[in-house]
Each structure stands twice: as C-alpha cells, then as structure tokens.
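Got the model open in your viewer? Here is a walk through it, one selection at a time.

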Amino acid sequence: DLGVQPSEVAIPVETAPGEVAQVDFGYVGKLLDPTTMTLRKAWCFVMVLGFSRHMVVRLVFDQRIETWLALHVEAFAELGGVPRTVVPDNLKAAVIRAAFCIDDQSELNRSYREFARYYNFKIDPTPPYDPGKKGKVEAGVKYVKGNFFVGRQEADVDDVRRDLRRWVSEIAGTRKHGTPHQQPLEQFATIERAALLPLPPTAWQPALWRRARVHADAHIALDRRLYSVPWKLIGQRVWVKTTAATLVIYANDERVATHDRRGPGLRSTLDSHLPTQRADLRHRSRTFWEQRADAMGEDVGRYVRAVFDSDDALSQLRAVQAIVTHLEAFPVERARAACRRAEYFASYGYGALKNILRRALDLEPLPPPMSTPPTTTPRFARPASHWRH
C-alpha cells in the first residue's frame, strides 16, 4: 500500500579492477576420499573478482580456519596478486560476531585479521541475511554447482579437482559473462591482474589464534596436549597463537608463556608457572627425590633412602617429598644432624623429623651407642628344653 520504499531500491555498484573479491563456500555433495576410501561431504571454495568475474575454485572436505587461510594463499598465488578488499560470508573462519546494523560492530576471527594484515587487504563482511551484498560469488557458486558438478556425485576427489582446474580455465573463464558481456579470463589477464596488490616478498607462515581456558592444574588443553600457564590465571580465558613449531599464550594482550608445539609426553610444563612451594610435587620418581636429598649431604641421602624402604607395601613418596622440602628450608648442617638423629632412633616419618627440628634436638649430641648384648647364657636362665612338652 505504501509503494516502493527507498530502502528497497537496489543500488548497482561499479567495481574497479583489483578492488574487490568475494568469497564463499558451496556444498557439492559427497565425494570419495582416496586416503580413507570413504565418501565425505565436500565443499567448493569460490573466489570471484568483482571487475572481471574471473574465479578461483578449490575443493575441500572441511571449512576449518586452517583450510580457509590456506585456500586464500592458493587463490592469491594463482591470481598473482591480492585484491584490496575481500568480502566473506559470516562463517566462523572469518567473522566471529556479525554486525546486524550499521552502528553495530563485526568481530573478525583473529587469525583472519592477522592474515589480512600480512597480505595488506581489508575485510568487508557481508551483513547477515543479506546474500545480495555478495551476489557475484553467490552467482559464481550457483554456476559452479549447476554446471561443473552435475553428475559427479561420489566421484574420486582427485579426479574432480583435476577436471575442475581445466573447467575453470577452458569453460568458466572463456564464457561471455552475462553482466560485463566479456570473457572473465580475458578481462583478468588484460586489465585486472595488473591492478592487484603485489604479493608479500616472503611466504605466509600459518599462525592460528584460538581461545582456551586455564584449568585448575594451570594448563590449557590444545590438540590433545597440555601446556602450562602462570597459575594465577587459573579460570581465565587466554589467547593462544600456534604455528607448526611453537605455541604462544597471551593474557590481556601480554605474552605469558611460550612452548614448543611438539615434544615428548602429554604435558609441556614450566616449573615457573606453578606455585613456588608446590612446583616440585609434580615429580613422582624416586630418583628425583634421592638426588635432591644427596645434594644436602650423604646423611640426608641415606636417611631418605631408608624412608623409602621403611614400608614394603605403602608408598613413601609423599613423606619423602615433605621431608626433603622441609629440610631444604634449614641450614645444611642442621638438616644432616636431624637426619642422623632420626635414623639413630629409626624414626622414618615426616612428623618425627619435623619435631626434631622444631625442638632443636638436632643441636644436641646423640646418645652413646648401646652396649652389645651378651652372648653367654645368663646364670639362672632355664634351658630351652625345659619349655618343651
């Protein structure tokens, strides 16, 4: 009843050469993965240059951020340059939070933001529920699916990829596009290629950003491995930047930890990240604590070994940990004297040793050695045969 409103008018936008590229994924069905010999869901990645309508198309089995960035690298390399603005859809690999109105703010994936800085292009996310804002790539995806992928369901993905490259250059690239009425590949080669930004002088080193929570053991979990973080960050969420070789953790934009990405064992732990008085408790081997005891002297080492051997069934690891850490807080001479006294009286518990030091009994001389028991039979002792029945 109100008639056409101003907001309903479609405003055509003329795109200058090298100015804009639109990117999106399109689901193309299931294809055979020769590495696993299974049928897997497949997507085509399409990048369309706004001026020439030339396309770069790739075929993948996932839409992870690693794949998203690698596809951009391949596309820029194939084009021989970088468009000044890239218009993605609101997929999580590109946009974490979409802007729903003009005064709202989009939040970009941190890995994608860093990638854009490296290649010197701007990211212009498509508004939600408005596919017309990236109509060129929408039409491109529809064209690829409706022309190339017809009848290719369950085909070998390697064969499809090989045919797809030939199709892009020989069919899609040479057709007369309906809007510019020119062949996309010719327009790209003669005009748009030279207008693209130059590629960076060095190859892109993949670096991914992720969010992680610091658990109660002062570690974060990433790709089935644990990495330590300063213990005061327990319960907080941190940023993790990963490369093939290293992992760097940031809290409030400050680097707080660096680890090797790969290494022996499930955990990568730095003692400095744990409370000073508790860091060594993670060491569970007998050898470690015996070496700590030996560092204080032979008397301490001998006593700690005796504590370990004082019970043939119950582990004495916790007792030794308490004894060694307690002794290290005293002058070494007092630690040695306390161990000599405790061993003399066959006292192999933490409480007994702690009591010796608390009462300063280690400063007193040991009692004289006990006399050797007699080997002769006492005068009035009855012979053993007397007790036999």
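Start with the open sheet of three strands, ordered 9-10-14, where the pairing is mixed. Strands here are DSSP runs of E with at least two residues, helices are runs of H or I with at least four, and both are numbered from the N terminus. Two strands count as paired if DSSP finds at least two bridges between them. Before you click further: this is a predicted model, in which local features need pLDDT of at least 70 and side-chain atom pairs count only at pLDDT 80 or more, while totals for chains, interfaces and linings use all residues. Residues are numbered from 1 along each chain as its sequence is written, and side-chain values use heavy atoms, with hydrogens and water left out.

Back to the sheet. Select 219-222 and 267-268: these are strand 9 and strand 14, the edge strands, and each pairs on one side only. Now add residues 225-228, which are strand 10; strand 9 pairs with strand 10 in the antiparallel sense over four bridges. To see one of the bridges, pick His219, whose partner in strand 10 is Ser228.

Next, the four-stranded sheet. This one is also open, runs in the order 8-11-12-13, and its pairing is antiparallel. Its edges are strand 8 (208-213) and strand 13, each pairing on one side only. Neighbouring strands are turned by 25° against each other on average, direction ignored; for such angles, axes are lines fitted to C-alpha atoms, for helices over the stretch in contact, and values run from 0 to 180 degrees between N-to-C directions.

Show strand 8 together with residues 237-242, strand 11: the two run antiparallel and are joined by six bridges. Ala212 has Val238 as its bridge partner in strand 11. Then bring in 110-119, helix 2, which packs on the sheet and touches strand 8 and strand 11, its direction making about 155° with that of strand 8. Contact here means heavy atoms within 4.5 Å.

On to the other end of the strand order. Select 246-251 and 254-260, which are strand 12 and strand 13, paired in the antiparallel sense over six bridges. Ala251 is bridged to Glu254 in strand 13. The two strands form a hairpin with two residues between them, and Asn252 in the turn has a positive phi of about 55°.

Two more hairpins are worth a look. Select 20-33 for strand 1 and add strand 2 (residues 38-49). Twelve bridges join strand 1 to strand 2, and the pair runs antiparallel. Gly29 stands opposite Ala42 in strand 2. Four residues separate the strands in this hairpin, and Met37 in the turn has a positive phi of about 55°. Which strand does strand 2 meet through six antiparallel bridges? Strand 3, at residues 55-60. Val48 has Met55 as its bridge partner there, and in the hairpin of strand 2 and strand 3, with five residues between the strands, Arg53 takes a positive phi near 65°.

While strand 2 is selected, show Phe45 and Trp68. They form an edge-to-face aromatic pair, 5.9 Å centre to centre with 85° between the planes. Phe45 lies in strand 2 and Trp68 in helix 1 (residues 65-79), so the pair ties together parts that are 23 residues apart in sequence. The rule is that rings of Phe, Tyr and Trp (its six-membered ring) pair if their centres lie within 6.5 Å, with planes under 30 degrees apart stacked, over 60 edge-to-face and the rest tilted. By this rule there are 23 aromatic pairs.

Last stop: helices. Select 286-294, helix 6, along with helix 8; their axes come within 10 Å and cross at roughly 25°. That makes helix 6 roughly parallel to helix 8, a term for angles under 35 degrees. The contact is made by Trp289, Arg292 and Ala293 of helix 6 with Leu317, Val320, Gln321, Val324 and Thr325 of helix 8.

Finally, keep helix 8 (317-327) and add helix 10 (350-358): they pack at an angle of about 15°, with their axes 9 Å apart. Helix 8 and helix 10 are therefore roughly parallel too. On the helix 8 side, show Ala319, Ala322, Ile323, His326 and Leu327; they meet Tyr350, Leu353, Lys354 and Leu357 in helix 10.

Terms used:
Parallel < 35°, antiparallel > 145°, perpendicular 65-115°, else oblique.
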